[in-house]
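User: Could you take a close look at one pocket in this model and tell me what surrounds it? I would also welcome some context from the rest of the chain.

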Amino acid sequence: MAVRPRGAAFPGRSRLFAPTAVVVLLLLVLGGVFVSQYTDYLWFQEAGHTNVFSTVLKTKLVLFFVFGLLMAVVIGINIALAYRNRPPFQPVSLEQQNLERYRVALEPYLTPVLIVLSLLFGVFAGLSAASRWRTWLLFANGTSFGQKDAQFGKDISYFTFTYPFQRFLLGFALVVLVLSLIAALVTHYLFGGIRLQTAGEKVSVAARVHISVMIGLIVFAKAVSYYLDRFGLVFSNRGVVEGASYTDVHAVLPAKTMLMLIAAICALLFFANVVVRNVLLPAGALALLVVSSIAVGGIYPYVVQQTTVGPNQLQRERQYIQRNMTATKQAYGINDVSVTTYPGVSTATKATLRNDTGTIPNIRLLDPNILGPTYKQNQGLRTYFAFNQSLDIDRYTDAGKTEDYVVAVRELDVNRVPAQQQNWVNLHLAYTHGNGFVAAPANKTDSLNPGQPSYTAGDVPQTDSSSSKVFTVANSQIYYGEQSPEYSIVNTKQPEIDGPGADAASDQATSRYAGTGGIKLDTGFRKLLYALKFRDKNILLSGSLTSNSKIMYDRSPADRVQKVAPFLTLDGDPYPAVVDGKILWIVDGYTTSSGYPYSQSSSFGKVTTDSQGTRTNSSQVNYIRNSVKATVDAYSGKVNLYAWDEQDPVLKTWRKVFPNLVQDNSAISDELRSHMRYPEDLFKVQRDLLAKYHVSDVQTFFQGTDQWDIPSDPTQDATRIINSGATPAPTAGTSSGPAQPPYYVLLQMPGAAAPAFSLTTTFVARNATPLTAFAAVSSDAGTYGKIEILTLPKNKVIEGPEQVANTFESNPTVSSALSLLRQGGSEVVLGNLLTLPVGKGLLYVEPVYTQGKKSPSFPILTKVIVSFGNKISYKDTLADALNDLFGAGTTVGPTPSPGTAPPTDATVAQLISDAQKAYDDGQAALKRGDFTGYGDAQAQLKRDLDQLATHASPSPTPSP
């Protein structure tokens, strides 16, 4: 019997394996795409924003197929043309003999190879084009800015919306042409149209024509590139600042125009080679283009820069620096900043402080960036509940009084579930949510637990001790939060753990979700989809699920807003608020662009990074608006977007794309509006620019004689030095380390009628530490977004935050006291060093916390350090420290005005008695640490003394 050779028993197997593997791989890829897209659709359907999903998906598909097919067709046609016009006979040579073997092997499969190769290029091109869906939608729906650029007279929208898409089209065309040329060259060489090692003619006539046309098209595309480069000069970095400089306008711009014409002529010469068929013609054209680009595009601008601009830079660049200054201020919303001089005195009296009753009673003692462990210790209640390491600041009005509060929500942290209970049922069906909103006034501590927050809202079930019940909510459960698990399934047969019960004897309460959030798992198909999505078979196999079960995922407030509004750049600090009986997350959204002509670029991630954290966003922007305020319901997950800056052209453009996505500003309720904060990241970007762009004079700007820096956060190194027992270093000469973050405070700026909830920052001299300016921006209605800068005298040195911190540490009394605090197993943690404009000077306030070295430990407010001018006070309470600095009864009412009609003795006596009582009440409140009571007493005192002033006689009236 004949024996079949090994490996030949089933000759068809080897031929079937490759196509089978390809089909299986294709099915896996398509299946994965289907699971991802369909579950995304279900998520958007539950969120009520399927229009966003469908618009983005349709746009991506259209771009994918249009540009993918274009790439595939053009490359395929060029390969086919090269093959069709191959020489009928190849001369005999070693080169052709070697190529013949490839031709013989390839020609039977030429059509499928051509199709596969073209489609492969098309797929990559389509994927690249689909990723530019934002560019296309902005181009197709662009809205006019109503402003023209200073150089070309074009509307700003051209550079923001149109120019980026034109550059994309040009780049795509160049890639298509270059790849087509390469494919044509390879095909011509393989089939004999190009014979490099064969005697006689090296390139056939057909190949020469084909290659000439392709190179001509590439050179013509280069001419178009030179044309667009002219407009790109408004983003040039050649000069002192960004934007077209003197050299760009007077040398580069005419050079680009000349090169555009030369490139167009060179393209025509390549096309002429189709008829002339002289290799010298295209070669000469190419050489002309190269020489011209070097001489005209490179050498000439360099000569102008060195000989004309360099010796007279300010004179030559003045006009273009002014353009940059104007555009930058407009693009970043800092063109309407109020800049006033501030005395910065080093001494103050009671009389000079009488107009600062809006600031002193509201001085923030609780540092939200430190108190996370304290909230966990006092309000954690269970090990599986957690708070963010950094808490938030917001203001609430209770019984007519507005105070700022340190606020947080009690979230679920499944990593803290006891190890023996960490199974799939508990982690995904039982432990599904956090519970409760926690708030404590920022300007006082608990009288029963000294140094700890005095919680107005807290506990589970949630309690609310405010007079107006501003913290009372209908549903306190936190199903959507910053620490929520990857996914949870609610409404199952498994009760959901709610935390401790209402009865003190009840160890644990349970609940069932009654909200609208989540996607129903009411079919086996959906269970299968999500089992595949999360790679978890238990979703499909678990018997605890019912037809009413819902799966929740993508639960972070920022993630939900980003998914619903993918065109926004989000602020890094979402914060919770109680609004209309609901716990809402408030997220600030920015519309940004890198296409605002003449505006200076900023690295968003770099300038928003400070001592409290690093931003991962590395995008470059030169235009930003806080155009959208978003809310996410912590119970239902519902996302609402509101237009905050309805005049922003970028937002107007996106509202054309997604018509019903962003609600009008008028839809914001009054209560929600009262909790809107000026966003931190925007202010960080603006303060970084204001350090240089606060000046209006071009010469001062150019010379850099009035540039500022953001001070580094002095509490970081100071805390480390204190706990190590090291001797403080002398005051540094320059700022170093991570930047000091801006702080939210209730602040009454000089000249203001009332305090406003403001975001504040300080500036120091460039490469030095003395204070040069103080800035604040209001979050209150009516003054929202108003940036005020107080500039300090340039002829005297006023200590900045780093110098003040160093002075604290070097002071013998303070230093020895801090050293004592860290003994006995304790550590010292320095709170935020606040800078406050008070009494025509600057008041520095720094809370001092202590905590145990062993875990678990939490910081407790122990001392307060206060300084004004050269005086320092280190006391147990802020009231004691202020009294030590300024004397008892620091904040007094206004001095009575002389020359008024004499009152009756009874009236004067009663007013003096009332004023004395108000003063005594205020002092008693200060000693208790009750700054709310102190503020009320001071307000009453001012009213009494104002009335007394209207009745005063010319003779001095005694003050209480």
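Analyst: What follows looks at the second largest pocket, then at the chain as a whole and at a few other sites in it.

The model is a predicted one, and the values given here are computed from it. The second largest pocket has a volume of about 820 Å³, and its lining is made up of 28 residues. Those that lie nearest the centre of the pocket are Leu57, Lys60, Leu61, Phe64 and Leu127. Four elements each give two or more residues to this lining, namely helix 1 (11-47), helix 2 (50-84), helix 4 (110-130) and helix 5 (133-141). Of the elements that take part, helix 2 gives the most, with eleven residues. When the lining of this pocket is divided by residue type, 20 residues are nonpolar, while four are polar and another four are charged.

As for the setting, the protein chain has 960 residues, of which 52% are buried, and its secondary structure comprises 27 helices and 33 strands. Among the contacts in the chain with a separation of 6 or more, 70% are between residues 24 or more positions apart. The accessible surface of the chain comes to about 41,900 Å², and carbon and sulfur atoms account for 57% of that surface.

Three other sites can be described in more detail. Helix 23 (residues 801-810) is largely enclosed by the rest of the structure, because eight of its ten residues are buried; these are Pro801, Glu802, Gln803, Val804, Ala805, Asn806, Phe808 and Glu809.

Asn362 sits in the loop between helix 11 (350-353) and helix 12 (372-379), and it counts as buried because its relative accessibility is 12%, under the 20% cut-off. Beyond its neighbours within four places in sequence, Asn362 is in contact with Thr402, Asp404, Asn443, Leu746 and Pro755.

Thr340, by contrast, counts as partly exposed, because its relative accessibility of 37% falls between the 20% and 50% limits. Thr340 belongs to strand 1 (residues 338-341), and, with neighbours within four places in sequence left aside, its contacts are Ile789, Leu790 and Thr791. The pair Thr340 and Ile789 is separated by 449 residues in sequence, yet their C-alpha atoms are 6.3 Å apart in space.

Definitions and conventions
Residues numbered from 1 in each chain as written. Predicted model: local features only at pLDDT ≥ 70, side-chain atom pairs only at ≥ 80, totals over all residues. Heavy atoms only, no water. 1 Å grid on protein atoms, 1.4 Å probe; cavity = no way out; pocket = protein on both sides within 12 Å on 5 of 7 lines; lining within 4 Å. Points joined across faces, edges and corners; volume = space filled by probe spheres on them. Nonpolar A, V, L, I, M, F, W, Y, C, P; charged D, E, K, R; others polar. Buried < 20%, exposed > 50% of the residue type's maximum accessible area, 1.4 Å probe, protein only. Contact = heavy atoms within 4.5 Å. Areas by Shrake-Rupley, 256 points an atom, 1.4 Å probe, with all protein chains shown as cover.
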